[in-house]
Amino acid sequence: MLPALLLPPTLLLALLAPALAGDVQFGGGCNPDHQKLQEGTFQFQTDCDAMTFCAANSTCAHRGCRQDEFPFGYPKTAKLPDRCPKGEFCPDEQDLCQPILPVGSPCQFNRDDECEGPPNFKELEDTTGFGLNVNGSVCLNNICMWANITLGQPCTVQNTAFTAYGPDGEFVDIVSRGNCRVGLYCDAQTQLCVQNKDVGEQCDADKECTTYNCLASGVCGVRADVPREVGKWVYVVVGICLFGGMVGTLVGLYFVHRKDRDQEREKRMQYWREQNAFRQNIMQMQDTARNSIMDFTPGASPRSTLYGRDQMQSEDSQAPMLHQASKSSALRYYVSDDGSQIDDRSDEDLMMRRREPQAHQGERF
(Lines give C-alpha, C1' and ligand atoms only; values in the text may rest on other atoms or scores of the structure.)
Protein backbone atom coordinates (compact mmCIF):
# COMPACT_ATOMS: atom_id res chain seq x y z
CA MET A 1 0.00 0.00 0.00
CA LEU A 2 2.95 2.35 0.38
CA PRO A 3 3.45 2.99 -3.37
CA ALA A 4 -0.23 3.90 -3.69
CA LEU A 5 0.20 6.65 -1.10
CA LEU A 6 2.83 8.31 -3.28
CA LEU A 7 0.51 8.65 -6.30
CA PRO A 8 -1.33 11.91 -7.02
CA PRO A 9 -4.90 11.85 -5.72
CA THR A 10 -6.48 12.21 -9.17
CA LEU A 11 -4.36 9.40 -10.63
CA LEU A 12 -5.12 7.18 -7.63
CA LEU A 13 -8.84 7.80 -8.13
CA ALA A 14 -8.54 6.99 -11.83
CA LEU A 15 -6.81 3.69 -11.06
CA LEU A 16 -9.36 2.68 -8.45
CA ALA A 17 -12.37 3.71 -10.55
CA PRO A 18 -12.47 0.53 -12.71
CA ALA A 19 -12.41 -1.58 -9.56
CA LEU A 20 -15.23 0.38 -7.86
CA ALA A 21 -17.42 0.86 -10.96
CA GLY A 22 -17.20 -1.58 -13.83
CA ASP A 23 -16.94 -4.97 -12.14
CA VAL A 24 -20.51 -6.25 -12.54
CA GLN A 25 -20.56 -9.27 -14.84
CA PHE A 26 -23.21 -10.56 -17.22
CA GLY A 27 -26.67 -10.77 -15.63
CA GLY A 28 -25.75 -8.59 -12.65
CA GLY A 29 -27.64 -5.51 -11.59
CA CYS A 30 -26.59 -2.02 -12.78
CA ASN A 31 -27.91 1.52 -12.84
CA PRO A 32 -28.05 3.37 -16.18
CA ASP A 33 -27.83 6.67 -14.32
CA HIS A 34 -24.29 5.79 -13.25
CA GLN A 35 -23.07 5.97 -16.84
CA LYS A 36 -20.90 9.06 -17.23
CA LEU A 37 -17.56 10.43 -18.36
CA GLN A 38 -14.82 10.20 -15.77
CA GLU A 39 -13.58 13.55 -14.59
CA GLY A 40 -10.09 14.45 -15.81
CA THR A 41 -9.78 11.69 -18.42
CA PHE A 42 -13.33 11.84 -19.87
CA GLN A 43 -13.38 8.08 -20.17
CA PHE A 44 -16.80 6.43 -20.35
CA GLN A 45 -17.69 4.80 -17.04
CA THR A 46 -20.39 2.26 -16.19
CA ASP A 47 -21.27 -0.32 -13.55
CA CYS A 48 -20.74 -3.27 -15.92
CA ASP A 49 -17.44 -4.89 -16.81
CA ALA A 50 -15.53 -4.54 -20.10
CA MET A 51 -17.57 -7.21 -21.91
CA THR A 52 -21.08 -6.04 -20.97
CA PHE A 53 -23.21 -2.88 -20.97
CA CYS A 54 -26.02 -1.67 -18.73
CA ALA A 55 -29.27 -2.45 -20.55
CA ALA A 56 -32.60 -0.70 -20.12
CA ASN A 57 -33.77 -3.41 -17.67
CA SER A 58 -30.90 -2.46 -15.30
CA THR A 59 -28.91 -5.64 -15.90
CA CYS A 60 -25.56 -6.14 -17.56
CA ALA A 61 -25.90 -7.66 -21.05
CA HIS A 62 -23.33 -8.73 -23.61
CA ARG A 63 -22.11 -5.93 -25.83
CA GLY A 64 -23.40 -5.88 -29.37
CA CYS A 65 -20.53 -4.01 -31.04
CA ARG A 66 -17.03 -2.77 -30.47
CA GLN A 67 -15.16 0.43 -31.35
CA ASP A 68 -11.58 -0.80 -31.43
CA GLU A 69 -9.92 -3.54 -33.42
CA PHE A 70 -8.46 -4.99 -30.21
CA PRO A 71 -10.80 -4.03 -27.35
CA PHE A 72 -9.61 -3.91 -23.77
CA GLY A 73 -10.77 -6.37 -21.11
CA TYR A 74 -11.57 -9.42 -23.24
CA PRO A 75 -9.80 -12.74 -22.54
CA LYS A 76 -8.01 -14.47 -25.39
CA THR A 77 -10.64 -17.18 -25.76
CA ALA A 78 -13.62 -14.79 -25.71
CA LYS A 79 -15.64 -14.11 -28.85
CA LEU A 80 -15.44 -10.44 -29.77
CA PRO A 81 -18.50 -8.55 -30.96
CA ASP A 82 -18.50 -7.33 -34.54
CA ARG A 83 -17.47 -3.87 -35.63
CA CYS A 84 -20.07 -1.63 -37.20
CA PRO A 85 -20.29 -1.49 -41.02
CA LYS A 86 -19.90 1.68 -43.07
CA GLY A 87 -22.66 4.24 -42.40
CA GLU A 88 -23.06 3.14 -38.76
CA PHE A 89 -21.19 3.73 -35.53
CA CYS A 90 -20.81 2.00 -32.15
CA PRO A 91 -21.69 4.35 -29.25
CA ASP A 92 -19.81 4.58 -25.97
CA GLU A 93 -22.20 2.07 -24.37
CA GLN A 94 -21.33 -0.42 -27.15
CA ASP A 95 -24.80 -1.90 -27.02
CA LEU A 96 -25.49 -2.05 -30.78
CA CYS A 97 -24.62 -0.24 -34.01
CA GLN A 98 -26.57 2.92 -34.88
CA PRO A 99 -26.86 5.00 -38.09
CA ILE A 100 -24.53 7.98 -38.41
CA LEU A 101 -26.00 11.33 -37.35
CA PRO A 102 -26.69 14.29 -39.66
CA VAL A 103 -25.27 17.78 -39.09
CA GLY A 104 -26.77 19.49 -36.03
CA SER A 105 -27.61 16.26 -34.25
CA PRO A 106 -26.46 15.61 -30.65
CA CYS A 107 -23.30 13.48 -30.43
CA GLN A 108 -21.20 12.02 -27.66
CA PHE A 109 -18.05 13.76 -26.44
CA ASN A 110 -15.32 13.91 -29.13
CA ARG A 111 -17.08 11.23 -31.20
CA ASP A 112 -16.45 12.74 -34.63
CA ASP A 113 -17.10 9.33 -36.18
CA GLU A 114 -20.77 9.55 -35.14
CA CYS A 115 -21.37 12.49 -37.49
CA GLU A 116 -22.17 12.29 -41.18
CA GLY A 117 -19.47 13.63 -43.46
CA PRO A 118 -20.01 16.47 -46.00
CA PRO A 119 -20.29 15.77 -49.72
CA ASN A 120 -16.73 17.06 -50.25
CA PHE A 121 -15.32 15.07 -47.33
CA LYS A 122 -12.23 14.12 -49.34
CA GLU A 123 -11.21 17.79 -49.41
CA LEU A 124 -11.99 18.42 -45.75
CA GLU A 125 -10.82 15.20 -44.09
CA ASP A 126 -7.78 15.34 -41.85
CA THR A 127 -4.76 13.52 -43.28
CA THR A 128 -2.19 14.89 -40.79
CA GLY A 129 -2.88 12.24 -38.16
CA PHE A 130 -3.65 14.82 -35.45
CA GLY A 131 -7.31 13.76 -35.20
CA LEU A 132 -8.71 17.15 -36.22
CA ASN A 133 -11.83 15.57 -37.82
CA VAL A 134 -13.22 12.35 -39.25
CA ASN A 135 -14.20 12.50 -42.92
CA GLY A 136 -14.57 16.29 -42.65
CA SER A 137 -17.04 16.16 -39.74
CA VAL A 138 -16.40 17.09 -36.12
CA CYS A 139 -18.33 16.83 -32.83
CA LEU A 140 -17.98 20.12 -30.93
CA ASN A 141 -19.84 20.82 -27.70
CA ASN A 142 -21.82 17.59 -28.36
CA ILE A 143 -23.14 18.85 -31.71
CA CYS A 144 -22.25 17.41 -35.14
CA MET A 145 -20.61 19.97 -37.44
CA TRP A 146 -18.62 20.07 -40.64
CA ALA A 147 -15.02 21.28 -40.52
CA ASN A 148 -15.42 23.57 -43.53
CA ILE A 149 -15.00 27.10 -42.13
CA THR A 150 -12.54 29.13 -44.20
CA LEU A 151 -9.99 31.81 -43.30
CA GLY A 152 -11.45 34.84 -41.46
CA GLN A 153 -14.93 33.31 -41.04
CA PRO A 154 -16.65 32.84 -37.66
CA CYS A 155 -16.02 29.43 -36.10
CA THR A 156 -16.92 27.32 -33.12
CA VAL A 157 -14.31 26.38 -30.54
CA GLN A 158 -14.29 23.76 -27.77
CA ASN A 159 -11.72 23.93 -24.96
CA THR A 160 -11.39 20.83 -22.77
CA ALA A 161 -9.15 20.60 -19.71
CA PHE A 162 -7.63 17.14 -19.40
CA THR A 163 -5.64 15.92 -16.41
CA ALA A 164 -2.10 14.98 -17.44
CA TYR A 165 0.78 13.55 -15.43
CA GLY A 166 4.48 14.34 -15.54
CA PRO A 167 7.64 13.96 -13.46
CA ASP A 168 6.53 16.80 -11.16
CA GLY A 169 3.01 15.45 -10.67
CA GLU A 170 -0.29 16.15 -12.37
CA PHE A 171 -1.10 19.22 -14.44
CA VAL A 172 -3.89 20.50 -16.64
CA ASP A 173 -3.61 20.08 -20.41
CA ILE A 174 -6.12 22.19 -22.34
CA VAL A 175 -7.08 20.81 -25.76
CA SER A 176 -8.78 23.28 -28.10
CA ARG A 177 -10.71 22.12 -31.16
CA GLY A 178 -12.62 23.98 -33.85
CA ASN A 179 -14.53 23.50 -37.08
CA CYS A 180 -12.05 25.30 -39.35
CA ARG A 181 -10.59 23.67 -42.43
CA VAL A 182 -7.31 21.78 -42.14
CA GLY A 183 -4.45 24.33 -42.07
CA LEU A 184 -6.51 26.81 -40.01
CA TYR A 185 -7.40 27.05 -36.35
CA CYS A 186 -10.23 28.77 -34.49
CA ASP A 187 -8.92 31.59 -32.34
CA ALA A 188 -10.61 31.48 -28.94
CA GLN A 189 -10.49 35.29 -28.55
CA THR A 190 -11.79 36.42 -31.93
CA GLN A 191 -13.82 33.27 -32.76
CA LEU A 192 -12.39 33.47 -36.30
CA CYS A 193 -10.38 30.98 -38.36
CA VAL A 194 -6.68 31.91 -38.46
CA GLN A 195 -3.84 30.53 -40.54
CA ASN A 196 -1.57 28.01 -38.80
CA LYS A 197 2.03 29.01 -38.00
CA ASP A 198 5.19 27.40 -39.29
CA VAL A 199 8.10 26.03 -37.24
CA GLY A 200 9.94 28.81 -35.40
CA GLU A 201 7.05 31.28 -35.18
CA GLN A 202 5.56 32.49 -31.90
CA CYS A 203 2.66 30.49 -30.49
CA ASP A 204 0.49 30.10 -27.41
CA ALA A 205 -1.12 26.69 -28.04
CA ASP A 206 -0.49 23.55 -30.02
CA LYS A 207 -3.42 24.19 -32.37
CA GLU A 208 -1.70 27.33 -33.69
CA CYS A 209 1.20 25.37 -35.21
CA THR A 210 1.13 23.34 -38.40
CA THR A 211 3.08 20.69 -36.49
CA TYR A 212 0.62 20.85 -33.57
CA ASN A 213 3.58 21.25 -31.19
CA CYS A 214 4.02 24.54 -29.37
CA LEU A 215 7.19 24.34 -27.30
CA ALA A 216 7.58 25.66 -23.77
CA SER A 217 9.74 28.46 -25.19
CA GLY A 218 6.69 29.83 -27.01
CA VAL A 219 7.69 28.87 -30.57
CA CYS A 220 6.41 26.18 -32.90
CA GLY A 221 8.61 23.12 -32.95
CA VAL A 222 8.82 20.10 -35.21
CA ARG A 223 6.28 17.33 -34.94
CA ALA A 224 6.55 15.28 -31.79
CA ASP A 225 6.56 12.05 -33.80
CA VAL A 226 9.42 13.06 -36.09
CA PRO A 227 12.51 10.94 -35.40
CA ARG A 228 15.53 12.94 -34.40
CA GLU A 229 18.43 12.70 -36.82
CA VAL A 230 22.04 13.28 -35.85
CA GLY A 231 25.10 14.00 -37.95
CA LYS A 232 27.47 11.31 -39.15
CA TRP A 233 30.21 12.72 -36.93
CA VAL A 234 28.15 11.66 -33.90
CA TYR A 235 28.30 8.03 -35.04
CA VAL A 236 32.07 8.39 -35.58
CA VAL A 237 32.59 9.84 -32.11
CA VAL A 238 30.42 7.16 -30.51
CA GLY A 239 32.31 4.43 -32.38
CA ILE A 240 35.68 5.83 -31.31
CA CYS A 241 34.51 6.08 -27.70
CA LEU A 242 33.25 2.49 -27.75
CA PHE A 243 36.49 1.21 -29.28
CA GLY A 244 38.58 3.26 -26.87
CA GLY A 245 36.53 2.00 -23.95
CA MET A 246 37.09 -1.63 -24.96
CA VAL A 247 40.82 -1.10 -25.46
CA GLY A 248 41.10 0.74 -22.16
CA THR A 249 39.27 -2.06 -20.40
CA LEU A 250 41.57 -4.70 -21.85
CA VAL A 251 44.70 -2.69 -20.96
CA GLY A 252 43.44 -2.12 -17.44
CA LEU A 253 42.70 -5.82 -16.99
CA TYR A 254 46.18 -6.67 -18.30
CA PHE A 255 47.91 -4.51 -15.69
CA VAL A 256 45.66 -5.74 -12.91
CA HIS A 257 46.34 -9.39 -13.77
CA ARG A 258 50.05 -8.71 -14.22
CA LYS A 259 50.19 -7.32 -10.72
CA ASP A 260 48.43 -10.42 -9.41
CA ARG A 261 50.84 -12.67 -11.31
CA ASP A 262 53.84 -10.84 -9.86
CA GLN A 263 52.44 -11.30 -6.38
CA GLU A 264 51.89 -15.01 -6.94
CA ARG A 265 55.37 -15.40 -8.43
CA GLU A 266 56.90 -13.69 -5.40
CA LYS A 267 55.00 -16.04 -3.11
CA ARG A 268 56.33 -19.08 -4.99
CA MET A 269 59.92 -17.72 -4.88
CA GLN A 270 59.62 -17.12 -1.16
CA TYR A 271 58.32 -20.66 -0.70
CA TRP A 272 61.25 -22.05 -2.74
CA ARG A 273 63.78 -20.08 -0.64
CA GLU A 274 62.25 -21.39 2.57
CA GLN A 275 62.31 -24.98 1.32
CA ASN A 276 65.89 -24.64 0.07
CA ALA A 277 67.03 -23.20 3.40
CA PHE A 278 65.24 -26.01 5.19
CA ARG A 279 67.02 -28.58 3.00
CA GLN A 280 70.42 -26.99 3.66
CA ASN A 281 69.73 -27.05 7.40
CA ILE A 282 68.89 -30.76 7.23
CA MET A 283 72.08 -31.52 5.28
CA GLN A 284 74.14 -29.52 7.77
CA MET A 285 72.54 -31.39 10.65
CA GLN A 286 73.36 -34.72 8.98
CA ASP A 287 76.96 -33.67 8.40
CA THR A 288 77.30 -32.58 12.01
CA ALA A 289 75.80 -35.81 13.28
CA ARG A 290 78.10 -37.88 11.07
CA ASN A 291 81.20 -36.08 12.32
CA SER A 292 80.09 -36.52 15.90
CA ILE A 293 79.66 -40.28 15.41
CA MET A 294 83.14 -40.63 13.93
CA ASP A 295 84.67 -38.69 16.82
CA PHE A 296 83.21 -41.09 19.39
CA THR A 297 83.82 -44.33 17.43
CA PRO A 298 87.08 -46.16 18.57
CA GLY A 299 89.45 -46.68 15.70
CA ALA A 300 87.18 -44.88 13.28
CA SER A 301 88.79 -42.92 10.52
CA PRO A 302 87.30 -40.41 8.12
CA ARG A 303 88.56 -42.58 5.29
CA SER A 304 86.56 -45.57 6.49
CA THR A 305 83.24 -43.88 5.79
CA LEU A 306 81.57 -43.57 2.48
CA TYR A 307 80.71 -39.94 3.04
CA GLY A 308 84.19 -38.43 3.33
CA ARG A 309 84.66 -34.76 2.99
CA ASP A 310 86.02 -35.25 -0.51
CA GLN A 311 82.91 -37.22 -1.46
CA MET A 312 80.31 -34.87 0.01
CA GLN A 313 77.73 -33.78 -2.42
CA SER A 314 77.42 -30.16 -3.24
CA GLU A 315 74.58 -28.29 -1.68
CA ASP A 316 72.92 -27.80 -5.06
CA SER A 317 72.87 -31.55 -5.83
CA GLN A 318 69.46 -33.16 -6.22
CA ALA A 319 70.64 -36.73 -5.40
CA PRO A 320 69.20 -38.38 -2.29
CA MET A 321 71.19 -37.54 0.80
CA LEU A 322 71.64 -41.17 1.96
CA HIS A 323 72.25 -42.75 -1.42
CA GLN A 324 75.44 -44.85 -1.71
CA ALA A 325 77.01 -47.21 -4.25
CA SER A 326 77.34 -50.22 -1.89
CA LYS A 327 76.41 -50.93 1.63
CA SER A 328 79.42 -50.85 3.95
CA SER A 329 80.25 -50.95 7.62
CA ALA A 330 83.12 -49.86 9.91
CA LEU A 331 84.04 -53.54 10.53
CA ARG A 332 85.43 -54.46 7.11
CA TYR A 333 87.51 -57.46 8.15
CA TYR A 334 87.16 -60.96 9.48
CA VAL A 335 89.13 -63.25 11.86
CA SER A 336 90.73 -66.47 10.76
CA ASP A 337 90.81 -69.68 12.78
CA ASP A 338 94.30 -69.02 14.09
CA GLY A 339 93.49 -65.58 15.29
CA SER A 340 95.33 -63.66 12.61
CA GLN A 341 93.87 -60.42 11.26
CA ILE A 342 92.94 -60.40 7.58
CA ASP A 343 92.53 -56.81 6.54
CA ASP A 344 94.46 -54.16 4.71
CA ARG A 345 94.14 -51.55 7.38
CA SER A 346 96.84 -50.42 9.80
CA ASP A 347 97.69 -51.94 13.17
CA GLU A 348 95.82 -49.28 14.97
CA ASP A 349 92.59 -50.94 13.95
CA LEU A 350 90.85 -53.15 16.40
CA MET A 351 91.80 -56.88 16.14
CA MET A 352 89.11 -59.35 16.86
CA ARG A 353 90.00 -62.86 17.96
CA ARG A 354 87.90 -65.92 18.17
CA ARG A 355 86.64 -66.62 21.62
CA GLU A 356 86.84 -70.19 22.72
CA PRO A 357 83.52 -71.60 23.73
CA GLN A 358 83.17 -72.35 27.45
CA ALA A 359 81.21 -75.09 28.97
CA HIS A 360 78.03 -73.97 30.63
CA GLN A 361 75.47 -75.77 32.55
CA GLY A 362 72.48 -76.45 30.47
CA GLU A 363 72.01 -75.73 26.84
CA ARG A 364 71.84 -72.13 25.82
CA PHE A 365 71.97 -70.42 22.52
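This is a short dialogue on reading a predicted model of one protein chain.

Reader: Where do I start? How many helices and strands does the protein chain have?

Author: Start with the elements. The protein chain has four helices and 14 strands.

Reader: What share of the 365 residues counts as buried?

Author: Burial is judged by relative accessible area, and under 20% is buried. Here 24% of the 365 residues fall in that class. The chain exposes about 26,600 Å², with 57% of that area supplied by carbon and sulfur atoms.

Reader: How do I read paired strands? In which sense do strand 9 and strand 10 pair?

Author: Look for bridges between two strands. Strand 9 (residues 157-166) and strand 10 (residues 169-178) are antiparallel, with 10 bridges. Tyr165 has Glu170 of strand 10 as its bridge partner. Two residues sit between the strands, and the pair forms a hairpin.

Reader: Now strand 7. Are its faces covered or open?

Author: Check the residues on each side. Ser137 and Cys139 lie on one side of strand 7, Val138 and Leu140 on the other, and all are buried. Both faces are covered. Strand 7 runs antiparallel to strand 8 (residues 143-146), joined by four bridges. Ser137 stands opposite Trp146. This hairpin also has two residues between its strands, and Asn141 takes a positive phi near 55°.

Reader: Which residues make the nonpolar surface patch of about 600 Å²?

Author: Such a patch needs residues that reach the surface; the cut-off is over 30% relative accessible area. Phe243, Met246, Val247, Val251, Tyr254 and Phe255 make this one. Take Met246, which lies in helix 4 (residues 232-296). Met246 counts as exposed because its relative accessibility is 52%.

Reader: And salt bridges? How many are there by the rule used?

Author: The rule is a distance: a Lys or Arg side-chain nitrogen within 4 Å of an Asp or Glu carboxyl oxygen. The count comes to 11. One of them joins Asp262 and Arg265, at 2.8 Å from N to O.

Reader: How far apart are Asp262 and Arg265 along helix 4?

Author: They are three residues apart, so about one helical turn separates them. Asp262 is partly exposed at 38%, and Arg265 is partly exposed at 41%.

Reader: Which residue does Lys267 meet in a salt bridge?

Author: Glu264, at 3.8 Å from N to O. Both lie in helix 4, three residues apart. Lys267 is exposed at 54%, whereas Glu264 is partly exposed at 40%.

Reader: Which residues are linked in a network of salt bridges?

Author: Follow the links from residue to residue. The network links Asp92, Arg111, Asp113 and Glu114.

Notes:
Residues are numbered from 1 along each chain as its sequence is written. This is a predicted model: local features need pLDDT of at least 70, side-chain atom pairs count only at pLDDT 80 or more; totals for chains, interfaces and linings use all residues. Side-chain values use heavy atoms; hydrogens and water are left out. Buried means under 20% relative accessible area, exposed over 50%, partly exposed in between (1.4 Å probe, protein chains only). Accessible areas come from the Shrake-Rupley method with a 1.4 Å probe; for residues, only the protein chains shown count as cover. Patches are made of residues with over 30% relative accessible area and no salt bridge: like charges are joined within 9 Å, nonpolar side chains (Val, Leu, Ile, Met, Phe, Trp, Tyr) within 5 Å.
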